[in-house]
Amino acid sequence: MNPIVRIQPRSADLGDGMLVRRALPNRQQRMVGAWCFLDHAGPVRFEPGKGMHVGAHPHIGLQTFTWLIEGEVLHRDSLGNEQIIRPGQVNLMTAGHGIAHTEDSLHDGEQLHAAQLWIALPPEHKDCPPAFDHYAELPHWREDSAELTLLAGRYGERTAPARIHSPLVGIDIACDSASNITLQLDPGFEYGLMPLVGDAMVDGETISADELAYLGKGRSELQLALPAGARVLFLGGEPFEEPVLMWWNFVGFSKEDIAQAQTEWEQGAARFGTIGDGQAPRLVAPPLPWRNGG
């Protein structure tokens with residue numbers, strides 16, 4: 001059995017009191033299966049007149065996966081979609097060849113708690129037409145005193161409705177009282193978990209809130225002990241075969257493709273469309289250096 005690799009997230013202040021902890025990508029571990037990005041946002045109570053407001057920005061080569069725990073968020077994109085996401089729901093945006101979107105608190109001065117993830121598209125789907133899906137109902141069940149929600153992929157006989165393109169799984173685990181859970185795993189998958197609230201006990205080790213525990217592959221089950229009030233995000237998937245490049249909001253397999261997308265975004269090319277008012281989105285943040293996990 002592989003030893004647990006502990007990964008400390010990086011914190012970023014997005015303004016208006018909005019703090020996020022970024023666990024993926026990281027120099028210690030770039031991905032967990034096709035999951036290539038994990039931000040934990042909140043829980044935060046915004047002051048009156050303040051909220052989450054993420055301006056128009058582009059994506060290629062990935063799916064954005066939003067799991068909302070508290071609050072209400074309005075998604076708008078260049079396909080013309082406007083969708084309010086509420087607690088217990090998932091928004092899945094497939095960027096493919098290119099899309100732009102915004103995300104805003106529906107009402108300022110309210111509570112927000114969410115996990116924002118990206119799923120890298122495999123080479124055969126990286127340039128697929130963009131799409132958006134909203135999932136208001138997800139499979140959920142109880143084990144011991146815990147409520148489990150299947151966010152993506154398959155677990156046992158359950159299948160989540162999210163349209164994904166790689167073998168993976170995502171489960172949210174929340175408990176009112178102390179719980180001991182046994183998760184059945186696929187030895188061919190690699191796994192990781194991140195306590196969003198409270199701590200988790202894995203293999204006799206305590207994993208603290210906002211610490212990502214990378215478990216590797218080769219496991220057939222996992223014993224998980226949670227205290228009352230804890231919440232854990234559990235991720236897994238087949239190790240990704242192709243080396244993935246990430247630059248700013250882009251995921252791809254060559255620097256040339258990503259550089260071309262960046263140029264087209266800056267020039268307001270039709271590739272990324274327009275949002276709502278018909279105005280072409282503009283660059284809202286400077287590009288980050290090339291990153292393969294750092």
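This note walks through the cavities, the salt bridges and three single residues of a predicted model.

1. **Cavities, the count.** Start with empty space inside the protein. Rolling a probe the size of a water molecule over the atoms shows where empty space is left. Here the count comes to 2 cavities of 30 Å³ or more. The largest has a volume of about 40 Å³. The second largest is also given as about 40 Å³.

2. **The largest cavity.** Which residues line the largest cavity? They are Thr 64, Thr 66, His 75, Asn 91, Leu 92, Met 93, His 101, Glu 103 and Phe 132. Three strands give two or more residues each to this lining: β6 (62-70), β9 (90-94) and β10 (99-105). Strand β9 supplies the largest share, 3 residues. Sorted by class, the lining has 5 polar, 3 nonpolar and 1 charged residues.

3. **Thr 66, a lining residue.** Find Thr 66 in strand β6. It belongs to the lining of the largest cavity. Is Thr 66 buried or exposed? Its relative accessible area is 9%, so Thr 66 is buried, the cut-off for buried being under 20%. Its side chain makes a polar contact of 2.9 Å with the side chain of Gln 116. Beyond its neighbours within four places in sequence, Thr 66 is in contact with Ile 85, Gln 89, Val 90, Asn 91, Glu 103, Ala 115 and Gln 116. Look back at the cavity: Asn 91 and Glu 103 are also named in its lining.

4. **The second largest cavity.** Move on to the other space. Phe 46, Glu 72, Ser 105, His 107, Glu 110, Gln 111 and Leu 112 line the second largest cavity. By class, that makes 2 nonpolar, 3 polar and 2 charged residues.

5. **Salt bridges, the total.** How many salt bridges does a search of the whole structure find? The search finds 14. The next points take up some of them.

6. **Arg 21 and Asp 210.** These two residues form a salt bridge, and their closest N and O atoms are 3.0 Å apart. Arg 21 sits in strand β3 (residues 19-24), while Asp 210 sits in the loop between β20 (205-207) and β21 (212-217), so the pair ties together parts that are 189 residues apart in sequence. Both Arg 21 and Asp 210 are buried.

7. **Asp 133 and Arg 163.** The side chains of this pair meet in a salt bridge of 2.9 Å, N to O. Asp 133 is in strand β12 (residues 131-135) and Arg 163 is in the loop between β15 (158-159) and β16 (168-175), so the bridge ties together parts that are 30 residues apart in sequence. Check the accessibility of each partner. Asp 133 has 16% relative accessibility, so it counts as buried. Arg 163 has 48%, so it counts as partly exposed.

8. **Other salt bridges.** Glu 147 and Arg 142 meet through their side chains at 3.1 Å, N to O. Glu 147 is partly exposed, with a relative accessible area of 25%. Elsewhere, Arg 6, Glu 205 and Glu 211 are linked in a network of salt bridges.

9. **Arg 22.** Strand β3 holds Arg 22. Its relative accessibility is 23%, so Arg 22 counts as partly exposed. Leaving aside neighbours within four places in sequence, Arg 22 is in contact with Pro 9, Arg 10, Phe 37, Leu 38 and Asp 39. With Asp 39, a polar contact of 2.7 Å joins the two side chains. Now take Thr 102. Arg 22 and Thr 102 are 80 residues apart in sequence and 19 Å apart in space, C-alpha to C-alpha.

10. **Ile 181.** Where is Ile 181 found? Ile 181 is in strand β17 (residues 179-184). Its relative accessibility is 2%, so Ile 181 counts as buried. Not counting residues up to four places away in sequence, Ile 181 touches Glu 143, Ala 146, Ile 173, Leu 222, Gln 223, Leu 224 and Leu 226. Take Ala 146 from that list. Ile 181 and Ala 146 are 35 residues apart in sequence, and their C-alpha atoms are 7.9 Å apart in space.

Technical notes: Residues numbered from 1 in each chain as written. Predicted model: local features only at pLDDT ≥ 70, side-chain atom pairs only at ≥ 80, totals over all residues. Heavy atoms only, no water. Helix = DSSP H or I, 4+ residues; strand = E, 2+ residues; numbered from the N terminus. Buried < 20%, exposed > 50% of the residue type's maximum accessible area, 1.4 Å probe, protein only. Contact = heavy atoms within 4.5 Å. 1 Å grid on protein atoms, 1.4 Å probe; cavity = no way out; pocket = protein on both sides within 12 Å on 5 of 7 lines; lining within 4 Å. Points joined across faces, edges and corners; volume = space filled by probe spheres on them. Nonpolar A, V, L, I, M, F, W, Y, C, P; charged D, E, K, R; others polar. Salt bridge = Lys/Arg side-chain N within 4 Å of Asp/Glu carboxyl O. Polar contact = N/O pair within 3.5 Å; in protein donor to acceptor, adjacent residues only side chain to side chain.
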